[in-house]
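Reader: I'd like to learn how to read helix packing from a model. Can we work through a case together?

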Amino acid sequence: MPNTASAKKRLRQNEKRRLHNRSAKSNMRTLIRKVREAVESGERETAQSEFRAAQKKIDQASAKNLIHKNAAARTKSRLVKMVKSIG
């Protein structure tokens, strides 16, 4: 347990940030899953619109260091490849 006032404040801030980051990452993963589901069902327009939303979230997560920038680029690359594969 924290002993000083500054350590107590830091604990409160860390908890608040942890919950916010967890929510943001979960939201990002949900959008990625929606793209994959749309691709699997063969819905081209849905997949493209879902990809645009997911791409924005991935970029935001990368900018806030929730995920590494290379991981963001890799994920977007794989998603766009999936979307383009719909025939």
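Reader: What describes two packed helices?

Author: Two packed helices are described by the angle between their axes and by the distance between those axes. In this predicted model, H1 (residues 5–40) packs against H3 (residues 69–84) at an angle of about 20°, and the axes are 9 Å apart.

Reader: Are H1 and H3 roughly parallel or roughly antiparallel?

Author: Angles under 35 degrees count as roughly parallel, so with about 20° between them, H1 and H3 are roughly parallel to each other. As for handedness, H1 passes H3 in a left-handed crossing.

Reader: Which residues in H1 and H3 meet?

Author: From H1 you have Ile32, Val35, Arg36 and Val39, and they meet Thr75, Leu79, Met82 and Val83 of H3. Sort the residues of that contact and you get 6 nonpolar, 1 polar and 1 charged.

Reader: Let's zoom out. What does the secondary structure of the protein chain come to?

Author: The protein chain has 3 helices and 0 strands, so to speak an α-α-α run when you read its elements from the N terminus on. Now for overall form: the radius of gyration is 17 Å, whereas the globule rule gives 12 Å for 87 residues, so the protein chain is more spread out than a compact globule. You can put a box around the C-alpha atoms too, and along the principal axes that box is roughly 60 × 20 × 15 Å.

Reader: How many of the 87 residues count as buried?

Author: That comes to 22% of them. As for contacts between residues at least 6 apart in sequence, 55% join residues at least 24 apart.

Reader: Can we try single residues? Is serine 62 buried or exposed?

Author: The cut-off for buried is under 20% relative accessible area. Serine 62 has 16%, so serine 62 is buried. You'll find serine 62 in helix H2 (residues 44–63). Skip its neighbours within four places in sequence, and serine 62 is in contact with Ile67, His68, Lys69 and Ala72.

Reader: And where is the place of glutamate 43?

Author: Glutamate 43 sits in the loop between H1 and H2. Its relative accessible area is 39%, so glutamate 43 is partly exposed. Again leaving aside neighbours within four places in sequence, glutamate 43 is in contact with Ala38 and Ile86.

Reader: How far apart in space are glutamate 43 and valine 83?

Author: C-alpha to C-alpha, glutamate 43 and valine 83 are 9.3 Å apart, with their positions 40 residues apart in sequence. Valine 83 is also one of the H3 residues that meet H1.

Technical notes:
Residues are numbered from 1 along each chain as its sequence is written. This is a predicted model: local features need pLDDT of at least 70, side-chain atom pairs count only at pLDDT 80 or more; totals for chains, interfaces and linings use all residues. Side-chain values use heavy atoms; hydrogens and water are left out. Axes are lines fitted to C-alpha atoms, for helices over the stretch in contact, and angles run from 0 to 180 degrees between N-to-C directions. Helices (H or I, at least four residues) and strands (E, at least two) are DSSP runs, numbered from the N terminus. Angles under 35 degrees count as roughly parallel, over 145 as roughly antiparallel, 65 to 115 as roughly perpendicular and the rest as oblique. A crossing is left-handed if the near helix is turned anticlockwise from the far one by less than a right angle, and right-handed if clockwise. Contact means heavy atoms within 4.5 Å. Ala, Val, Leu, Ile, Met, Phe, Trp, Tyr, Cys and Pro count as nonpolar, Asp, Glu, Lys and Arg as charged, and the others, Gly among them, as polar. The radius of gyration is taken over C-alpha atoms; the globule rule is 2.2 Å times the number of residues to the power 0.38. Buried means under 20% relative accessible area, exposed over 50%, partly exposed in between (1.4 Å probe, protein chains only).
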